[in-house]
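Work through these exercises with the structure open beside you. Try each task before you read its solution.

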Amino acid sequence: AHAYGGAIAVAANATVLVDFVTMVDNQAQGGNTELSEGGGVTGAGEGHGGAIYTASSTLTVRNTIFINSRQSTGVVTASNEPDIDGNFIDGGGNLFNSPTTSVEAVQKASNGTFVYPINKTSPAYNQAAAVDTVTRDQRNVARPRPNAMEGTGYDIGAYQLGVWTVVADDKTRPYNTENPELTYYILDPDGEVVTSTISGMP
């Protein structure tokens, strides 16, 4: 832990965007070693900003989940504390002080990174602010979710709940072909073929 920012400390002259991030179990804690900013411990007795401490007025936080952030000051003066201590721009789509049930247990994704998955009951599902320039999540799953019935189709945090799809081959067949065989592919949320079937029309 750091005394200033359990995960991130933003310098006064920095311009920073924190976007589509999942921040879990971060703590700003005063201690007795030489590190004071950005993930260590400090000789100061207080910790500020369980997840993020900022001395900058040009920090923007958007579409980010904060769970179980802790700071040792014991004083909470704003709804975004203890997640963030300091001035920042709220870009929308944030879940401050979110319950642990907002995400599932951490797991290793197919690309080797560790993620906190969500499901459809999570307050993060379909509720992120739409950002056209963000097209993939941490696992390279596409954002947004196509044809979302409610919400934006973008999920808050680093994890986008993918969709399973079924597609048919694109082979051309004569109009009068009897019982043409079609190959159907079932794709998992990562776009990998899980299975394929061949069938004829009745």
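Two strands pair if DSSP finds at least two bridges between them. Strands (E, at least two residues) and helices (H or I, at least four residues) are DSSP runs, numbered from the N terminus. This is a predicted model, in which local features need pLDDT of at least 70, side-chain atom pairs count only at pLDDT 80 or more, and totals for chains, interfaces and linings use all residues. Residues are numbered from 1 along each chain as its sequence is written, and side-chain values use heavy atoms, with hydrogens and water left out.

**Exercise 1. Follow the pairing from strand 2 to strand 10.**

Task: Find the bridge partner of Leu 17 in strand 6, then the partner of Thr 60 in strand 10.

Solution:
- Step 1. Locate Leu 17 in strand 2.
- Step 2. Strand 2 pairs with strand 6 (residues 59–62) in the parallel sense, over four bridges.
- Step 3. The partner of Leu 17 in strand 6 is Thr 60.
- Step 4. Strand 6 also pairs with strand 10 (residues 89–90), parallel again, over two bridges.
- Step 5. In strand 10, Thr 60 has Ile 89 as its bridge partner.

Strands of a sheet pair through backbone hydrogen bonds, either parallel or antiparallel.

**Exercise 2. Map the two open sheets.**

Task: Give the strand order of each open sheet of three strands.

Solution:
- Step 1. Count the elements: the protein has 16 strands and zero helices.
- Step 2. One open sheet runs in the order 3-7-11, with parallel pairing.
- Step 3. Its edges are strand 3 (22–24) and strand 11 (95–98), each pairing on one side only.
- Step 4. Neighbouring strands of this sheet are turned by 10° against each other on average, direction ignored. Such axes are lines fitted to C-alpha atoms, and angles run from 0 to 180 degrees between N-to-C directions.
- Step 5. Strand 3 meets strand 7 (residues 65–67) over three parallel bridges. Here Met 23 stands opposite Phe 66.
- Step 6. The other order is 1-5-9, also with parallel pairing. Strand 1 (8–10) and strand 9 (84–85) are the edge strands.
- Step 7. Strand 1 and strand 5 (residues 52–54) share three bridges in the parallel sense. Ala 9 stands opposite Tyr 53.

**Exercise 3. Compare Asp 19 and Leu 17.**

Task: Is Asp 19 buried or exposed? What about Leu 17?

Solution:
- Step 1. Recall the cut-offs: buried means under 20% relative accessible area, exposed over 50%, and partly exposed in between (1.4 Å probe, protein chains only).
- Step 2. Asp 19 lies in strand 2 (residues 16–19). Its relative accessibility is 16%, so Asp 19 counts as buried.
- Step 3. Leu 17 has a relative accessible area of 49%, so Leu 17 is partly exposed.
- Step 4. Check the contacts (heavy atoms within 4.5 Å). Leaving aside neighbours within four places in sequence, Leu 17 touches Thr 60 and Arg 62. With residues up to four places away not counted, Asp 19 touches Arg 62, Asn 63, Thr 64, Val 131 and Val 134.
- Step 5. The side chains of Asp 19 and Arg 62 are joined by a polar contact of 2.7 Å. A polar contact is a pair of N or O atoms within 3.5 Å; within protein, one must be able to donate a hydrogen and the other to accept it, and residues adjacent in sequence count only if both atoms are side-chain atoms.

**Exercise 4. Inspect a buried loop residue.**

Task: Which backbone oxygen does the side chain of Gln 160 reach?

Solution:
- Step 1. Find Gln 160 in the loop between strand 13 (114–115) and strand 14 (165–168).
- Step 2. Its relative accessible area is 0%, so Gln 160 is buried.
- Step 3. Its side chain reaches the backbone oxygen of Gly 153 at 2.8 Å.
- Step 4. Residues touching Gln 160 from over four places away in sequence include Asp 137, Arg 143 and Tyr 154.

**Exercise 5. Find the cores.**

Task: How many residues does the largest nonpolar core have?

Solution:
- Step 1. Define the term: a nonpolar core is a set of buried Ala, Val, Leu, Ile, Met, Phe, Trp, Tyr and Cys residues joined through side-chain atoms within 4.5 Å.
- Step 2. The largest core has 18 residues. Phe 20 and Ile 65 are among those with the most contacts inside it.
- Step 3. Apart from that core lies another, of eleven residues, including Val 10, Met 23, Ile 52 and Phe 88.
- Step 4. Put this in context: buried residues make up 40% of the 202 residues in the protein.
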